[in-house]
Amino acid sequence: MEQRLLRSTRRRITAVAAVVALVVGSGAVAAAPVQAASSNLITNGGFEDGLAGWFANNGNAADNAALSTTTDAHSGTSAMLVSNRSTTGSGPMQDLSGKVQAGKTYLVTAQVKYENPNSPSTKQFFVTMHYGGSTYTNLGTVTVPRGQWGLVQGTFTIPAGQNVSTARLFVETPWTSNPSSAPDTHLMDFKVDDVTLQEYTPSKTIEVVGKLPGEHNPLIGHKFGADGFGFVHDGRVYLYMTNDTQGYAPNPSTGVSPGINYGDINQITVISSTDLVNWTDHGEIQVAGPNGVAPFTGNSWAPGMAKKVVNGQEKFFLYYANGGGSSNVITGSSPVGPWTSERTSTLINGGTPGAETVAWKFDPAPLVDDDGQAYLYFGGGPASTSMPPVERFNNPKNLRGIKLGDDMVSTEGSAVVVDAPVAFEAGHVFKREGKYYFSYSSHFGGNDFGGNQPRVPGYPGGGQIGYMISDDPMSWPKETYAGVLFPNQSQFFGAGTGGNNHQSVFEFEGKYYFTYHAPTLNKRINGDTTQGYRSPHLQELTFNPDGTIQQVVGDYAGVDQVRNFDPYRVFEAETLGWSKGIATAKVDGASAEFGTAAPNLVVRDIDDADWTALSSVDFGADGAGSVTAKVRALTAGGRIEVRLDDVAGPVVGTIPVDTPTGDWAEVTAELQGASGVHDVYFTYRGPAGEDLFEIDSWAFEAVPPLDLSVTADTRCVGEKVMVTVRATNNEAVHVSASAESAYGTRPFGALPPGKEKLRSFPTGTTTVPAGEVTVTATATVDGEPVSASYTAGYAARSCG
Ligand SMILES: [Ca+2]
Ligand SMILES: [Ca+2]
Ligand SMILES: [Ca+2]
């Protein structure tokens with residue numbers, strides 16, 4: 001009896017947990033779909049093979065039931081009927097020994113139904129695991145109305161220490177001590193169908209709007225990223241970040257992830273933008289770890305980026321912290337790779353001259369000077385105990401600068417001390433008007449820095465960004481200290497956003513920008529109790545006439561968009577101004593926008609009512625005539641609404657995603673009213689609960705400034721193929737046009753208003769492949785010269 005009571009108590013607690021999971025499950029968190037769907041661990045879960053694999057619960061001597069099949073199935077032609085139950089635990093059981101593992105998370109589902117007219121109008125059912133002995137755990141539950149099928153659904157993680165040498169799953173009703181006193185209430189017959197159990201990979205998709213429409217911080221709302229390092233190349237700003245999303249694992253029931261574990265992180269996240277508001281996700285670089293570019297390193301934190309022409313070849317050098325103990329570099333042939341390792345051991349380590357006493361040989365930040373000489377700044381952590389406590393606190397001398405070799409992957413000479421006041425980590429140097437600016441993050445005190453010591457007046461407080469100004473990139477005495485550049489981010493973003501920071505400064509088109517991080521997306525997901533997942537932010541950096549920096553004020557507004565977005569080209573769908581409920585994933589194949597060597601990502605996890613948006617898109621005065629998306633349909637009935645200025649703004653076009661599921665295809669919609677400058681929202685619609693489609697890229701086409709209709713065709717002349725092109729002038733003025741194909745150029749001459757002309761291209765061959773004809777047209781409209789070009793395709797043809 002005592003054992004039964006224990007069991008009862010355990011079950012009540014776990015039942016509550018399961019119900020909570022289900023309530024949450026109907027909301028945002030558990031709307032997250034199961035990723036990497038694995039096979040059903042249940043044998044014959046649909047009972048289409050009769051009772052194979054099932055037996056009546058045998059966990060207790062009193063548990064018993066008769067199992068039979070019924071044609072009243074939820075799906076297929078057969079289900080299980082459970083009758084003659086003697087205890088509430090009496091029900092169908094299946095042995096999963098050897099199929100489930102401790103520490104793993106699973107999703108269980110089952111359909112149940114009861115019909116006894118003398119039973120209560122609703123009844124709760126459980127799917128329960130019996131691990132042997134008295135260990136029972138409810139896995140999922142449903143309360144179902146009499147006469148209807150109801151879905152049991154639950155996720156559960158088998159505790160790490162759980163013995164699973166016997167693991168048996170069964171279906172039952174809530175336990176009561178004397179069920180036979182009211183058999184219609186407690187021991188009714190019931191039916192079961194469609195039992196599934198599969199390993200569950202919790203979704204990392206951020207379901208909240210992490211970057212609010214109209215705001216520019218955080219830079220992205222669909223993933224995290226920390227320690228951002230801004231780097232400008234060829235008119236584009238790249239931001240390299242510690243991949244905080246790598247270990248993010250929100251609990252499928254609560255939506256709350258365990259706290260960040262830096263030891264998990266061996267990837268660097270890259271995003272880029274030409275306007276500082278719409279950011280393209282380039283995905284993650286697998287830098288360290290067994291499959292990394294530099295497998296002799298284990299972590300990749302706090303990246304720094306530089307470029308230099310080495311032996312006539314432009315190369316890109318990505319420096320990173322290999323945990324706290326060393327720093328390293330990998331080499332790219334572009335800012336987004338591909339990447340190789342020129343080294344077989346770390347670049348900065350215990351053997352680096354001048355760095356012997358630096359506790360943390362990490363946070364490497366490169367600077368290539370105007371004369372081509374490159375430097376690397378690094379270091380941090382506890383001050384040397386050989387110094388007096390007051391000096392350890394105020395001038396810990398834990399940061400360094402060292403010359404890089406011409407190859408950028410070696411060092412030259414000995415490191416110099418950067419005597420940054422109250423220094424902790426995150427050294428970074430930029431150059432402006434001949435002066436070098438060293439910025440860094442300050443420490444929070446404590447035993448590592450000599451205990452509670454008096455702070456030199458004007459020195460930084462804990463967790464601030466201080467800076468120094470020098471005329472020499474290798475000379476940083478404490479006298480070059482210039483003040484606090486950025487207070488702690490919690491001053492601006494409030495509870496839950498404190499902690500240390502990591503900054504960089506870059507110049508872009510004549511302005512300077514300051515990068516920092518704050519766990520603002522984490523805060524939007526979980527409120528003030530954050531778990532340390534950080535997001536990238538930008539603010540403009542402004543200078544006083546004497547060259548000192550005006551202290552940066554952090555805000556959600558961020559920086560101004562530096563140019564409107566050009567929609568008239570193929571651009572990646574993973575270019576996001578704002579978004580809701582989507583994720584991105586790297587796919588095989590080239591990027592349409594960035595070329596064959598660049599990684600390509602797609603937008604995925606698209607559910608009904610998810611959306612992505614672009615800020616300040618310039619459609620021009622004539623506007624956009626159509627938009628084409630490269631999509632992969634995952635279900636029938638999906639569509640994309642193109643809206644202006646708001647997620648509920650006017651629809652200017654709807655793209656049907658009606659292509660065969662599973663295949664990449666292009667889908668197009670005509671647009672009406674998309675002219676001028678607007679924010680553009682792509683709102684995704686389709687069957688609720690379905691993973692709708694994935695999107696690779698977008699392309700808008702402008703309304704041509706001249707209204708011509710152009711078609712191309714082929715015909716046979718004898719045994720030879722003739723390509724033909726037909727142009728109709730829909731304008732009210734004369735148009736001059738000519739057509740070009742693979743078989744030459746043919747002028748149309750003057751094309752009067754409303755007139756149509758045909759031109760032919762003799763090919764001289766019996767077979768032609770599919771191709772295009774391009775028609776270029778010019779006219780004078782309202783006294784202004786106007787030109788436009790059109791392409792028309794034709795199919796392959798064989799004659800003779
Ligand atoms: Ca069935
Ligand atoms: Ca989604
Ligand atoms: Ca793409």
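1. A residue is called buried when its relative accessible area is under 20%, exposed when that area is over 50%, and partly exposed in between. In this predicted model, E48 has a relative accessibility of 40% and therefore counts as partly exposed, whereas D193, with a relative accessible area of 0%, is buried.

2. Both of these residues serve the calcium ion (ligand 1), which is coordinated by G46 (O), E48 (OE), S75 (O), S78 (O) and, through two OD entries, D193, at 2.3 to 2.7 Å. The six donor atoms around the calcium ion (ligand 1) subtend angles of 50 to 164 degrees, and the arrangement is therefore irregular.

3. Along the chain, the donors of the calcium ion (ligand 1) follow the spacing G-x1-E-x26-S-x2-S-x114-D. Distant parts of the chain are linked here, since E48 sits in the loop between α1 (2–25) and β1 (55–56) while D193 belongs to strand β10 (residues 190–199), with the two positions 145 residues apart in sequence numbering.

4. The calcium ion (ligand 2) is coordinated by G581 (O), by D605 through both O and OD, and by D607 (OD) and D610 (OD), at 2.2 to 3.0 Å. The sequence spacing of the donor residues of the calcium ion (ligand 2) is G-x23-D-x1-D-x2-D.

5. Within the site of ligand 2, G581 lies in the loop between β32 (578–580) and β33 (583–587), and D607 in the loop between β34 (600–604) and β35 (611–618), so this pair ties together parts that are 26 residues apart in sequence. Both G581 and D607 are buried.

Notes:
Residues are numbered from 1 along each chain as its sequence is written. Chains are lettered from A and ligands numbered from 1 in the order in which they are written. This is a predicted model: local features need pLDDT of at least 70, side-chain atom pairs count only at pLDDT 80 or more; totals for chains, interfaces and linings use all residues. Side-chain values use heavy atoms; hydrogens and water are left out. Donors are N, O and S atoms within 2.8 Å of the metal (3.2 Å for Na, K and Ca); water is not among the atoms, so sites may look incomplete. Helices (H or I, at least four residues) and strands (E, at least two) are DSSP runs, numbered from the N terminus. Buried means under 20% relative accessible area, exposed over 50%, partly exposed in between (1.4 Å probe, protein chains only). Four donors count as tetrahedral if all angles lie between 85 and 135 degrees; four count as square planar and six as octahedral if opposite donors are over 155 degrees apart and all others between 65 and 115; anything else is irregular.
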